[in-house]
Amino acid sequence: MKNEFLANISHELRTPLTSVIGFSDILCTEMFGNLNEKQAEYVNHINLSGKQLLNIINDILDISKIETGTMELNYEKFSLSDALNYVFECVYLMACKKNIELKMMNEIKDNEIFADKVKFKQIMLNLLSNAIKFTPDSGKISVEAKQTDNEIQISVSDSGIGIPINMQTEIFNPFTQVDASNTRKYGGTGLGLAVVKKYVEMHEGTITVQSETGKGSTFTFTIPMKTIEI
């Protein structure tokens, strides 16, 4: 009943929210007249807030689909470099606002992998967005992709606030936050890592975290070679 409710309410929320985002997109282009500085600022806030809310709704919908067994993988052959570059472009401005250095090291010889491209990008977007959110200004974030005998392995490392040992398993549970207090500094629903874990496991892979409070975190996930087309 919970999953059915979440799925239904998510669909109902997405329809009006899509209109909010769409019309604010049009206003941002100034297609129907110039906006003054303050109007442009407010429309941009509406647009960004709408997209953030849509991401939250999509996460809730994804969790409900996964738990009810209605989520499926659509495997395809795609370029790992292209997928990683796309994700970097998506988070670039977010990182620039905090003067965070982004670095990528792709050591995989065969650049084409066989997986669900959309969900792979979502895994990377969630991990990188989290890394940026929890990394102080002027920090560093790196992505490393490499291949072993039977799997590909991708790590996202940051110089952020770190995760206490007692929370390093719990953070993969839905709606779990490292700081769950009403006065917490960092926003979010606590769904991002839960979605990441589910997507990785649907690919028959694993995800782990190594972290120390105040010294950053490294999230590493794998995709077995048997899901890579040879």
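Of the protein's 230 residues, 40% count as buried. The model is a predicted one. Its accessible surface comes to about 13300 Å², and carbon and sulfur atoms hold 53% of that area. Among contacts with a separation of 6 or more, 71% join residues 24 or more positions apart.

The protein has five helices and seven strands. Along the sequence they follow the pattern α-α-β-α-β-β-α-β-β-α-β-β.

Start near the N terminus, with the loop between helix 1 (2-29) and helix 2. Glu30 lies in this loop. Its phi is near 55°, a positive value in a residue other than glycine. Most residues other than glycine have a negative phi. Is Glu30 buried, partly exposed or exposed? Glu30 counts as partly exposed, because its relative accessibility is 31% and the partly exposed range runs between 20% and 50%.

Next comes helix 2. At its start, a side-chain oxygen of Asn36 reaches to within 3.1 Å of the backbone nitrogen of Lys38. The helix covers residues 37-68, 32 residues in total. From first C-alpha to last it reaches 47 Å, close to the 46 Å expected at 1.5 Å a residue. Gly69 follows helix 2 and has a positive phi, near 75°.

Which residues of helix 2 are buried? Val43, Asn47 and Gly50 are among them. Further along, the buried set includes Ile57, then Asp59, Ile60, Leu61, Asp62, Ile63 and Ser64, and also Ile66.

Asn47 deserves a closer look. This residue is found in helix 2. It counts as buried because its relative accessible area is 5%, and the cut-off for buried is under 20%. What does the side chain of Asn47 make a polar contact with? The partner is the side chain of Asp25, at 2.7 Å. Leaving aside residues up to four places away in sequence, Asn47 touches Ile21, Ser24, Asp25 and Cys28.

A second positive phi appears further along the chain. Asn99 is found in the loop between helix 3 (80-97) and strand 2 (101-106). Its phi is near 55°, again positive in a residue other than glycine. Asn99 counts as exposed, because its relative accessibility is 54% and exposed means over 50%.

Now move to helix 4, residues 117-133. At its start, a side-chain oxygen of Asp116 reaches to within 3.2 Å of the backbone nitrogen of Val118. The helix has 17 residues and reaches 24 Å from its first C-alpha to its last, close to the 24 Å expected at 1.5 Å a residue. Helix 4 is mostly covered, with twelve of its 17 residues buried. Among them are Phe120, Ile123, Met124, Leu125, Leu127, Leu128, Ala131 and Ile132. The buried set also includes Lys119, Lys121, Asn126 and Asn130.

Which helix 5 residues does helix 4 meet? Two packed helices are described by the angle between their axes and the distance between the axes. The axes of helix 4 and helix 5 (residues 192-202) come within 9 Å and cross at roughly 145°. The crossing is left-handed. On the helix 4 side, the residues are Lys119, Gln122, Ile123, Asn126, Leu127 and Asn130. On the helix 5 side, they are Gly192, Leu193, Val195, Val196, Tyr199 and Val200. Several names recur here: Lys119, Ile123, Asn126, Leu127 and Asn130 meet helix 5 and are also buried.

Note on methods
Residues numbered from 1 in each chain as written. Predicted model: local features only at pLDDT ≥ 70, side-chain atom pairs only at ≥ 80, totals over all residues. Heavy atoms only, no water. Helix = DSSP H or I, 4+ residues; strand = E, 2+ residues; numbered from the N terminus. Expected span 1.5 Å × (residues − 1). Buried < 20%, exposed > 50% of the residue type's maximum accessible area, 1.4 Å probe, protein only. Polar contact = N/O pair within 3.5 Å; in protein donor to acceptor, adjacent residues only side chain to side chain. Contact = heavy atoms within 4.5 Å. Areas by Shrake-Rupley, 256 points an atom, 1.4 Å probe, with all protein chains shown as cover. Axes fitted to C-alpha atoms, helices over the stretch in contact; angles between N-to-C directions. Left-handed = near helix turned anticlockwise from the far one by under 90°.
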